[in-house]
Amino acid sequence: MDTNQTDHPIVEARANMAQIHSAVELLRRVYFLTARKKRKVALVPVDLGELIEKAGGPDRVAELLKEHVED
């Protein structure tokens, strides 16, 4: 498994969860799990997940970020 790659099929991620877990936790990487080449879920470091939670959840954070990020 290539941990430099950000998108991983869910089946591949299942087989390599320990490696993905380490990369997210220790290297602070964000990984996207895919099904049929479409992103379905993101794995993020816990502190980022907790900030998202404190800010009102993913929908609220998406609204805030859209104001500051170009398409």
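**Exercise 1. Decide whether Lys37 is buried, partly exposed or exposed, and find the loop that holds Lys37.**

Solution. Start with the relative accessible area, which is 83% for Lys37. The cut-off for exposed is over 50%, so Lys37 counts as exposed. Keep in mind that this is a predicted model, so the value is computed from predicted coordinates. Next, trace the backbone: Lys37 sits in the loop that joins β2 and β3. Finally, look at its phi angle, which is positive at about 65 degrees, although Lys37 is not a glycine. That is worth a second look because most residues other than glycine have a negative phi.

**Exercise 2. Find where Arg28 lies and work out its exposure class.**

Solution. First, place Arg28 on the chain: the loop between α2 (17–27) and β2 contains it. Second, take its relative accessible area of 48%. Partly exposed covers values between 20% and 50%, so Arg28 is partly exposed. Third, check the backbone: Arg28 is not a glycine, yet its phi is positive, at about 60 degrees.

**Exercise 3. Describe the surroundings of Thr34 in strand β2.**

Solution. Begin with the strand: β2 runs over residues 31–35 and includes Thr34. Then turn to exposure. Thr34 has a relative accessible area of 10%, and the cut-off for buried is under 20%, so Thr34 is buried. Now list the contacts, setting aside neighbours within four places in sequence. Thr34 then meets Asp7, His8, Pro9 and Ile10, as well as Arg39 and Lys40.

**Exercise 4. Characterise Lys40: which strand holds it, and which residues does it touch beyond four places in sequence?**

Solution. Step one is the strand, and here the answer is β3, residues 38–43. Step two is exposure: Lys40 has a relative accessibility of 57%, so it counts as exposed. Step three is contacts: once residues up to four places away are left out, Lys40 touches Leu33, Thr34 and Ala35. Step four is a distance check against Pro9. The two residues are separated by 31 positions in sequence, while the C-alpha atoms of Lys40 and Pro9 are 9.6 Å apart.

**Exercise 5. Search for aromatic pairs, then say which ring face Arg39 lies over.**

Solution. The search for aromatic pairs covers the whole structure and returns zero. For the second part, go to Arg39: it lies over the face of Phe32, 3.7 Å from the ring centre.

**Exercise 6. Place Val46 in its helix and compare its sequence and spatial separation from His68.**

Solution. Val46 belongs to helix α3, which spans residues 46–54. Its relative accessibility is 60%, so Val46 counts as exposed. Now pair Val46 with His68: the sequence separation is 22 residues, and the C-alpha to C-alpha distance is 23 Å.

**Exercise 7. Summarise the whole protein chain: how many helices and strands does it have, and in what pattern?**

Solution. Count the elements, and you arrive at four helices and three strands. Reading along the sequence gives β-α-α-β-β-α-α. For overall dimensions, the C-alpha trace spans about 35 × 25 × 20 Å along its principal axes. Turning to burial, 17% of the 71 residues count as buried. The accessible surface is about 5,800 Å², with 54% belonging to carbon and sulfur atoms. Among contacts with a separation of 6 or more, 30% link residues 24 or more positions apart. Last come the charges: the chain carries 11 positive and 12 negative side chains, and the centres of the two sets are 7 Å apart.

Methods. Residues are numbered from 1 along each chain as its sequence is written. This is a predicted model: local features need pLDDT of at least 70, side-chain atom pairs count only at pLDDT 80 or more; totals for chains, interfaces and linings use all residues. Side-chain values use heavy atoms; hydrogens and water are left out. Helices (H or I, at least four residues) and strands (E, at least two) are DSSP runs, numbered from the N terminus. Buried means under 20% relative accessible area, exposed over 50%, partly exposed in between (1.4 Å probe, protein chains only). Contact means heavy atoms within 4.5 Å. Rings of Phe, Tyr and Trp (its six-membered ring) pair if their centres lie within 6.5 Å; planes under 30 degrees apart count as stacked, over 60 as edge-to-face and the rest as tilted. A charge sits over a ring if NZ of Lys or CZ of Arg is within 6 Å of the ring centre and within 35 degrees of the ring normal. Accessible areas come from the Shrake-Rupley method with a 1.4 Å probe; for residues, only the protein chains shown count as cover. Lys and Arg count as positive and Asp and Glu as negative; His and the chain ends are not counted. The place of a charge is taken as NZ of Lys, CZ of Arg, CG of Asp or CD of Glu.
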